Amino acid sequence: DLDGKPVGQSLQDRIFEPLQMTDTTYPTDTDIAGDALHGYVLENGIYTDVTEYDASIWSSAAAVVSTVEDMNTFFRALFDGTLLPRNMVDDMQVVSPSGYGLGLLLGIDACDPESGELVFGQRGNGFGYRTFQFSSPDGTRQVSLAWTTAAPTPGTDPLLEPASEALIAGLAST
């Protein structure tokens with residue numbers, strides 16, 4: 001519980017509704033929108049549709065179901081100070097040697113890698129799904145990618161490298 005409410009309700013009240021993220025939910029069962037991407041896992045030569053699993057097993061760590069448009073809305077609001085005061089967003093961008101800040105991953109800006117400018121974002125991993133979302137620190141340049149995958153673990157996903165290249169190309173072109 002957060003503020004005496006379940007996590008999903010707090011997310012709805014504090015983030016999804018104010019930002020008009022109408023295609024974003026915090027599911028508490030196996031229901032998912034009919035037009036959602038279907039996720040597949042390949043094991044022993046058999047593809048299994050894993051679209052309808054209980055995402056709440058991830059709890060607040062990764063249970064949110066969203067669209068790339070809503071992911072961009074979230075990160076734009078984060079970086080422009082709508083969600084949090086500027087000093088808190090600045091603190092999130094102080095990264096450890098592992099490349100993580102307070103909930104953000106660090107990347108090098110593809111527009112001018114020699115400048116040392118940074119981009120920040122996050123990646124999502126779930127059964128049959130992967131996402132990347134990175135943004136310039138001011139929130140004006142963003143790239144979000146989502147794909148279904150056949151790999152049972154993120155490290156063995158054959159689309160990880162092409163997705164990383166697409167992310168870099170997207171940031172370089174914005």
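# Values against cut-offs

Me: The side chains of D13 and K5 meet in a salt bridge; what makes it one?

Reply: Their N to O distance is 2.7 Å. A salt bridge needs a side-chain nitrogen of Lys or Arg within 4 Å of a carboxyl oxygen of Asp or Glu, so the pair of D13 and K5 qualifies. The model is predicted, with local features needing pLDDT of at least 70 and side-chain atom pairs pLDDT 80 or more, while totals for chains, interfaces and linings use all residues. Numbering runs from 1 along each chain as its sequence is written, and side-chain values use heavy atoms, without hydrogens or water.

Me: Why is D13 called partly exposed?

Reply: D13 has 29% relative accessibility. Buried means under 20% relative accessible area and exposed over 50%, with partly exposed in between (1.4 Å probe, protein chains only), so D13 falls in the middle class. K5, at 34%, is also partly exposed.

Me: How many salt bridges does the structure hold?

Reply: There are four. One of them joins D3 to R14, whose closest N and O atoms are 2.2 Å apart. D3 sits in the segment before α1 (7–16) and R14 in helix α1, so this bridge ties together parts 11 residues apart in sequence. Helices here are DSSP runs of H or I with at least four residues, strands are runs of E with at least two, and both are numbered from the N terminus.

Me: Is D3 buried or exposed?

Reply: D3 counts as exposed because its relative accessibility is 52%.

Me: How do you know that R86 and D90 form a salt bridge, and where do they lie?

Reply: Their closest N and O atoms are 3.1 Å apart, so the distance satisfies the salt-bridge limit. Both residues belong to helix α3 (residues 86–92), four residues apart, about one turn of the helix. R86 is partly exposed at 37% relative accessibility, and D90 is partly exposed at 37%.

Me: What makes the nonpolar surface patch?

Reply: Y40, L42 and Y47 make it, with about 290 Å². Patch residues have over 30% relative accessible area and no salt bridge; nonpolar side chains (Val, Leu, Ile, Met, Phe, Trp, Tyr) are joined within 5 Å, like charges within 9 Å. The areas come from the Shrake-Rupley method with a 1.4 Å probe, and for residues only the protein chains shown count as cover. L42 belongs to strand β1 (residues 40–43).

Me: What makes the second largest pocket a pocket, and which residues line it?

Reply: On a 1 Å grid over the protein atoms alone, a pocket is an open set of points with protein on both sides within 12 Å along at least five of seven lines; lining residues have an atom within 4 Å of a point. This one has 18 lining residues, with R123, F132, F134, S164 and L167 nearest its centre. α4 contributes the most, five residues. The lining divides into 11 nonpolar, five polar and two charged residues; here Ala, Val, Leu, Ile, Met, Phe, Trp, Tyr, Cys and Pro are nonpolar, Asp, Glu, Lys and Arg charged, and the others, Gly among them, polar.

Me: Why is Q20 called exposed?

Reply: Q20 has a relative accessible area of 63%, so it is exposed. Q20 is in the loop between α1 and β1 and has a positive phi of about 55° although it is not a glycine.

Note on methods. On a 1 Å grid over the protein atoms alone, a cavity is a set of points where a 1.4 Å probe fits but cannot get out, and a pocket is an open set with protein on both sides within 12 Å along at least five of seven lines; lining residues have an atom within 4 Å of a point.
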